[in-house]
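This report describes a protein model for a reader who meets it here for the first time. The sequence and structure are shown below.

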Amino acid sequence: MADKYNAETIITETQKRISNAFDVFDHESNKTVDVREIGTIIRSLGCFPSEAELHDIIAELEEEEPTGFVRYEKFLPTMTKILLERKFRPIPEDLLLQAFEVLDQQKKGHLEPEELTKYLTQEGEPFTQEEMDEMLSAAVDPDKNVILYKDFVSMMTFDDNQ
């Protein structure tokens with residue numbers, strides 16, 4: 001009996017988080033959001049799909065005739081499943097630290113903003129200029145104009161209790 005109660009509580013709390021995140025972007029209060037906001041909503045819930053995975057999710061959420069909007073009643077079950085299955089979770093802190101250390105070839109303990117920009121815009125799935133600007137504004141130590149390990153890792157990890 002307790003397990004059923006716990007499962008129902010988890011589902012209810014998960015759906016409340018989804019609803020709250022969705023409502024932030026439902027500017028018309030009509031239970032729809034602009035399809036371009038879906039990635040932001042999903043990331044605000046602690047899921048970090050690749051661009052290809054995000055496009056797949058959007059394709060699943062959009063109507064048969066794409067309108068440019070996603071309805072809450074389609075978003076809720078899809079996002080509930082994603083969260084309960086713990087899909088698209090952020091990379092663990094220790095792996096981020098290892099990656100940062102690999103990038104810091106001179107073992108300085110930090111990266112220059114230009115170095116990080118080069119790695120994140122020219123390798124793998126490239127960041128957009130807007131994403132880089134946002135990241136650098138949060139990651140660069142204003143006194144030293146460098147990106148310190150601890151600041152970068154804390155910025156890139158997600159707290160499950162949010």
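Gln15 is partly exposed, with a relative accessible area of 29%; by the cut-offs used here, buried means under 20% relative accessible area, exposed over 50%, and partly exposed in between, with a 1.4 Å probe and protein chains only. Gln15 belongs to helix α1. Helices (H or I, at least four residues) and strands (E, at least two) are DSSP runs, numbered from the N terminus. Apart from neighbours within four places in sequence, Gln15 is in contact with Tyr72, Leu76 and Thr80, where contact means heavy atoms within 4.5 Å. Gln129 is 114 residues from Gln15 in sequence, and their C-alpha atoms are 33 Å apart in space.

The model is predicted: local features need pLDDT of at least 70, side-chain atom pairs count only at pLDDT 80 or more, and totals for chains, interfaces and linings use all residues. Residues are numbered from 1 along each chain as its sequence is written, and side-chain values use heavy atoms, with hydrogens and water left out.

**Overall architecture**

The protein contains eight helices and five strands. Starting at the N terminus, the order of elements is α-β-α-α-β-α-α-β-α-α-β-β-α. Its C-alpha trace spans about 55 × 45 × 25 Å along the principal axes. Of the 162 residues, 35% are buried. Among contacts with a separation of 6 or more, 57% are between residues 24 or more positions apart.

Domain 1 covers 1-85 and domain 2 covers 93-157; these bounds come from an automatic or database domain assignment. The centres of domain 1 and domain 2, taken over C-alpha atoms, are separated by 29 Å.

An unreviewed UniProt entry lists "domain: EF-hand" for residues 13-48 and 91-126. The UniProt positions are given in the numbering used here, feature names are shortened, and annotations may be inferred rather than shown by experiment. The two spans are set out in the table.

| Span | Distance between end C-alpha atoms | Helix | Strand |
|---|---|---|---|
| Residues 13-48 | 20 Å | 56% | 8% |
| Residues 91-126 | 17 Å | 58% | 6% |

**The nonpolar cores**

A nonpolar core is a set of buried Ala, Val, Leu, Ile, Met, Phe, Trp, Tyr and Cys residues joined through side-chain atoms within 4.5 Å. In soluble globular proteins, nonpolar side chains tend to be buried together. The largest core here has 23 residues, and Ile38, Ile41, Ile42, Phe75 and Met79 have the most contacts inside it. Two or more residues of this core come from each of α1 (2-25), α2 (38-44), α3 (51-61) and α4 (72-84). Helix α4 gives the most, with six residues. Not counting residues up to four places away in sequence, Phe75 touches Ile18, Phe22, Ile38, Ile41, Ile42, Leu61 and Val70. A second, separate core has 14 residues, including Leu96, Phe100, Leu111 and Leu136.

**Helix α4**

Helix α4 has 13 residues and reaches 18 Å from its first C-alpha to its last, close to the expected 18 Å; the expected span is 1.5 Å times one less than the number of residues. Its buried residues are Tyr72, Phe75, Leu76, Thr78, Met79, Thr80, Ile82 and Leu83. Thr78, which is found in α4, is buried with a relative accessible area of 14%. Outside the neighbours within four places in sequence, Thr78 is in contact with Glu60 and Leu61. Following α4 is Arg86, whose phi is positive, near 55 degrees.

**The sheet and helix α7**

An open sheet is formed by three strands in the order β3-β5-β4, with antiparallel pairing; two strands pair if DSSP finds at least two bridges between them. β3 (110-111) and β4 (140-141) stand at the edges, and each has a single partner strand, so one side of each is left without a neighbour in the sheet. The antiparallel pairing of β4 with β5 (residues 146-148) runs over two bridges. Val140 has Ile147 in β5 as its bridge partner.

Met135 lies in helix α7 (residues 129-139). This residue, Met135, is buried, with a relative accessible area of 8%. Met135 and Ala52 are 83 residues apart in sequence, and 21 Å separate their C-alpha atoms in space.
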